[in-house]
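Student: I am new to this structure and would like a close look at one part of it. Could you walk me through that part and then link it to the rest?

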Amino acid sequence: KFQVAMRSCFVAWLPVISATAILRGAVNRSALQTEDERGPRVYFLFLAVDKISNLDVWTAFFDSAESDQYRAFVHCKEKSCVQQMAGSPIVPVPTVASYYCTDLVSPMNQLLSYALSTDLGPTNPRDKFAFVSDSALPAKPFSEIYQVLGQREGSDFCVFPPGEWADLASDDGLEMSVKVHQWITLTRKHATRAVDLWQKGIMRNFMSYFKMNSLAWNNMLDNNFADNRNWGCLDEFWYVTALYGTLKKVHTIGDQSIALPEFTGSPLRIDKAAGWQGKCDTFVIWAKYMHSLGHNEQEKLILSLDPVSVPHGGNWARPGWWDTISTQGIQAIRKSDFLFVRKFIDKPTLHGGGNFATAYSRIVVKDLPMTA
């Protein structure tokens with residue numbers, strides 16, 4: 001196995017992190033808090049186009065929380081979204097230019113920048129910054145999400161199977177970039193560094209450097225390990241590449257691994273047979289990988305659903321979605337391993353009748369059983 005030696009293969013901007021940050025175990029929260037600090041805080045960072053779907057569920061979610069334990073911000077593409085936030089606990093940030101696939105990182109870093117700069121007062125190294133889709137819903141009560149994220153040491157990246165990673169051929173092996181879901185959760189250290197690296201222009205040329213989406217799509221040839229045919233969007237690659245660098249001297253046959261500091265679920269396997277890796281906070285339905293090898297939390301949730309609650313499957317380019325679900329299906333989401341779940345249309349149908357938001361808030365947000 002290609003373990004620690006591979007650290008020297010990162011590009012030059014790999015941040016220096018002490019070994020103690022990698023090796024330390026769980027630390028009591030109060031031990032990290034000085035007189036000038038506060039408890040950990042979770043920053044919920046929404047990316048929205050014209051609205052946040054099922055805002056009434058999110059309002060109930062934040063109403064159940066202690067006000068000093070969270071902040072919530074949204075980047076809206078359209079004015080109707082900004083208007084929707086009036087009177088809600090979610091604060092819009094100034095809109096910046098964004099482009100689907102080629103640059104959703106600008107609004108993501110706008111959210112990080114505002115969360116870091118406008119929330120004045122003491123900070124805590126265990127603060128977390130969680131990106132949330134406008135079609136997502138919480139899969140746990142606030143108290144549970146707060147506890148889980150506050151106890152984790154590193155950032156959470158949901159890593160696609162290595163066939164999805166970007167790769168370039170070189171004389172001494174492959175240079176690769178790890179592909180992850182857009183819905184990541186960053187530590188305060190990583191959030192601060194990401195904003196700084198973006199402002200300095202680091203890897204803004206990623207799409208051209210890795211020749212992303214430049215070839216005609218071929219179902220037989222694409223998304224295979226070490227195929228030199230790269231597909232994906234900037235937001236799926238930039239954060240891991242900027243914070244950790246690209247992987248170099250990768251064998252075309254795989255069978256390697258690398259330990260990444262402050263990366264939940266490290267080490268990563270660099271192998272064509274590897275499945276999902278890292279830590280997937282948000283459930284997303286990618287039909288191609290619903291039954292992939294290895295630990296597959298996505299498949300586990302799907303198999304726990306009753307037939308009427310099984311979502312639409314989506315396709316190779318777009319994830320699946322829910323437009324109908326039962327109370328039994330909502331309970332399965334509550335019992336799943338995920339903190340968030342998507343995609344839900346706005347005001348989906350509750351199978352058997354009733355109000356979706358009321359039922360979802362009762363089962364997930366308030367953690368109460370449904371009455372007969």
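In which loop is the place of Glu-262?

Tutor: Happy to help! Please keep in mind that this is a predicted model. Glu-262 has its place in the loop between strand 11 and strand 12, so let us begin there.

The backbone of this loop deserves a careful look. Most residues other than glycine have a negative phi, and most peptide bonds are trans. Glu-262 is not a glycine, yet its phi is positive, at about 55°. Glu-262 also counts as buried, because its relative accessibility is 12% and the cut-off for buried is under 20%. Pro-267 is found in this loop too, between strand 11 (256-258) and strand 12 (268-270). The peptide bond that joins Ser-266 and Pro-267 is cis, with omega at about 5°.

Similar features turn up elsewhere in the chain. A cis peptide bond also joins Arg-342 and Lys-343, and here omega is about 10°. Lys-343 lies in the loop between strand 16 (340-341) and strand 17 (344-350). As for phi, Asp-367 is a residue other than glycine with a positive value, near 60°. You can find Asp-367 in the segment after helix 11 (356-365). With a relative accessibility of 42%, Asp-367 counts as partly exposed, whereas Glu-262 counts as buried.

Now for a pair of helices. Helix 4 (residues 105-118) packs with helix 8 (residues 234-244) at an angle of about 50°, and their axes are 9 Å apart. The two helices are therefore oblique to each other. On the helix 4 side, the residues that meet helix 8 are Val-105, Met-108, Asn-109 and Leu-112. Their counterparts in helix 8 are Leu-234, Asp-235, Trp-238 and Tyr-239. Sorted by class, this contact has six nonpolar residues, one polar and one charged.

Let us finish with charged pairs. The structure holds 18 salt bridges. One of them pairs Arg-38 with Asp-127, whose closest N and O atoms are 2.8 Å apart. This pair links distant parts of the chain, 89 residues apart: Arg-38 sits in the loop between helix 1 (19-23) and strand 1 (42-48), and Asp-127 in the loop between helix 4 and strand 4 (128-133). Arg-38 is buried, with a relative accessible area of 12%, and Asp-127 counts as buried at 0% relative accessibility.

Another salt bridge joins Arg-334 to Glu-144, with the closest N and O atoms 3.0 Å apart. Arg-334 lies in helix 10 (residues 327-335) and Glu-144 in helix 5 (residues 142-151), so this pair ties together parts that are 190 residues apart in sequence. Arg-334 counts as buried at 14% relative accessibility, while Glu-144, at 26%, counts as partly exposed.

Lys-279 and Glu-297 form a salt bridge as well, their closest N and O atoms being 3.2 Å apart. Because Lys-279 lies in the loop between strand 13 (277-278) and strand 14 (282-283) and Glu-297 in helix 9 (residues 297-304), the pair ties together parts that are 18 residues apart in sequence. Both Lys-279 and Glu-297 are buried. Finally, salt bridges that share partners join Arg-38, Asp-127 and Arg-188 into one network.

Definitions and conventions
Residues numbered from 1 in each chain as written. Predicted model: local features only at pLDDT ≥ 70, side-chain atom pairs only at ≥ 80, totals over all residues. Heavy atoms only, no water. Helix = DSSP H or I, 4+ residues; strand = E, 2+ residues; numbered from the N terminus. Buried < 20%, exposed > 50% of the residue type's maximum accessible area, 1.4 Å probe, protein only. Axes fitted to C-alpha atoms, helices over the stretch in contact; angles between N-to-C directions. Parallel < 35°, antiparallel > 145°, perpendicular 65-115°, else oblique. Contact = heavy atoms within 4.5 Å. Nonpolar A, V, L, I, M, F, W, Y, C, P; charged D, E, K, R; others polar. Salt bridge = Lys/Arg side-chain N within 4 Å of Asp/Glu carboxyl O.
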